[in-house]
Amino acid sequence: MSIDLHGRITRWRQTGADRRAANTAANLDRQPAFPGRWVSAASLIAGPTLIMIGTLLRSSFYYFVPYQLVAYTQHPTLITAAYACFAFGFVLLLPGVVALAQRITATSPLWGLWGGCLVIVGLFTRTFQFGTDHLAFHLTDTLGLQTMLTGIDGYYDAWRETVWHPFRSMSGPAFFGWVVLAIGAYRSGALGLGRSIALGLMSALALGTLKGTEPQSFIAVGGLCLAFIPLGISLLRSGPPPTRRAMIWIAVLIAIHVLMTGFGPRG
C-alpha cells in the first residue's frame, strides 16, 4: 500500500492555512478589550525583549546558585540590572499573554482559556521567585557572601521539605502552561506551526531562586521573542496611531512617575 506523502503534506499545509484564515477573520476588527491594543502590543514586544536582555547580561556567569552570588559581589550593578530586566520582562508579559489568549478563544475557546490561565499562574510563580532573588542579593551586602551561601543552601533544603505551599504547588504551570498555550495557538490558527513550537520552548526555562542563564535559556527566550514580537508589531499596525491627547497624557503620567520616584518619600 503506497502512501501519498506529498498529498498528505499538501493537505496538512492547507489545513493550517485554513485555521489561520479562520482565526484572522474571527479577530478582524476585534481589538483586545482589555488592556487595549497599545498596551498589549507594548507587552508583546517589550516583555520578551527585556527577558532576553536579562538573559544576555548574566550569560557570562555560571548559572548555578553559588556562582550567581559570587558574580553579584564582583559585579553588583550588572547582576542587579540583569535580574531586574528578567523580572520586569515577565511582569510585562501579562497583557501580551491575555491578548494572545483572546485571539485563541476566538476559534478555540477552551484552549485559550486553559492556556492563558496556566501561563498567568506561572508568571506569578516566577515573580515570587524573583522576590527571593532580590532579597538574597541585598542580604549578601549586609551578611556577607559566605553567610548567604549557607543561607541559600538552607533555604533550598527547607523548600524541598515543604509539604505544601501555593507557589510550590503552582510550579507546574510555569513550565507546562506554555505548552498548552502553544498548542492552543496552533490549533486555533492564532500562530503558525513554527511560531507555536517556538512559544512552547519556553517550558525549557529554569525556575528557582538564583537560577542564572543556562544553554537552553537562549532557546527558550529566543522562541518567546519569535512568537511574541511579530504578533506585537502586527497588533500595532492593525489600527490607527494614538491620538495627540493620548500621547500628552502618557507624557504627563511618565513625568509624574519620574518625579514621584525621584523626590517622593523613601523607606
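Buried means under 20% relative accessible area, exposed over 50%, and partly exposed in between, with a 1.4 Å probe and protein chains only. This is a predicted model: local features need pLDDT of at least 70, side-chain atom pairs count only at pLDDT 80 or more, and totals for chains, interfaces and linings use all residues. Residues are numbered from 1 along each chain as its sequence is written, and side-chain values use heavy atoms, without hydrogens and water.

**Helix α6**

- Helices are DSSP runs (H or I, at least four residues), numbered from the N terminus.
- Helix α6 covers residues 145-161. Its 17 residues should span 24 Å at 1.5 Å a residue (1.5 Å times one less than the number of residues). The end C-alpha atoms are 24 Å apart, which agrees.
- Met148, Leu149, Ile152, Tyr156 and Trp159 are the buried residues of α6. Seen down the helix axis, they fall within an arc of 105° (taken from the directions from the axis to the C-beta atoms), so they line one face.
- Gln146, Thr150 and Glu161 are exposed on the other side of α6.
- The cover over the buried residues of α6 includes α3 (65-74), α5 (109-143) and α7 (166-169), with contact meaning heavy atoms within 4.5 Å.

**Largest pocket**

- A pocket is an open set of points on a 1 Å grid over the protein atoms alone, where a 1.4 Å probe fits, with protein on both sides within 12 Å along at least five of seven lines.
- The largest pocket has a volume of about 260 Å³ (the space filled by probe spheres set on the points).
- Its lining (residues with an atom within 4 Å of a point) has 14 residues. Tyr83, Ala84, Ala87, Phe130 and His134 lie nearest the centre of the pocket.
- α4 (76-105) and α5 are the elements that give two or more residues to this lining. α5 gives the most, with seven residues.
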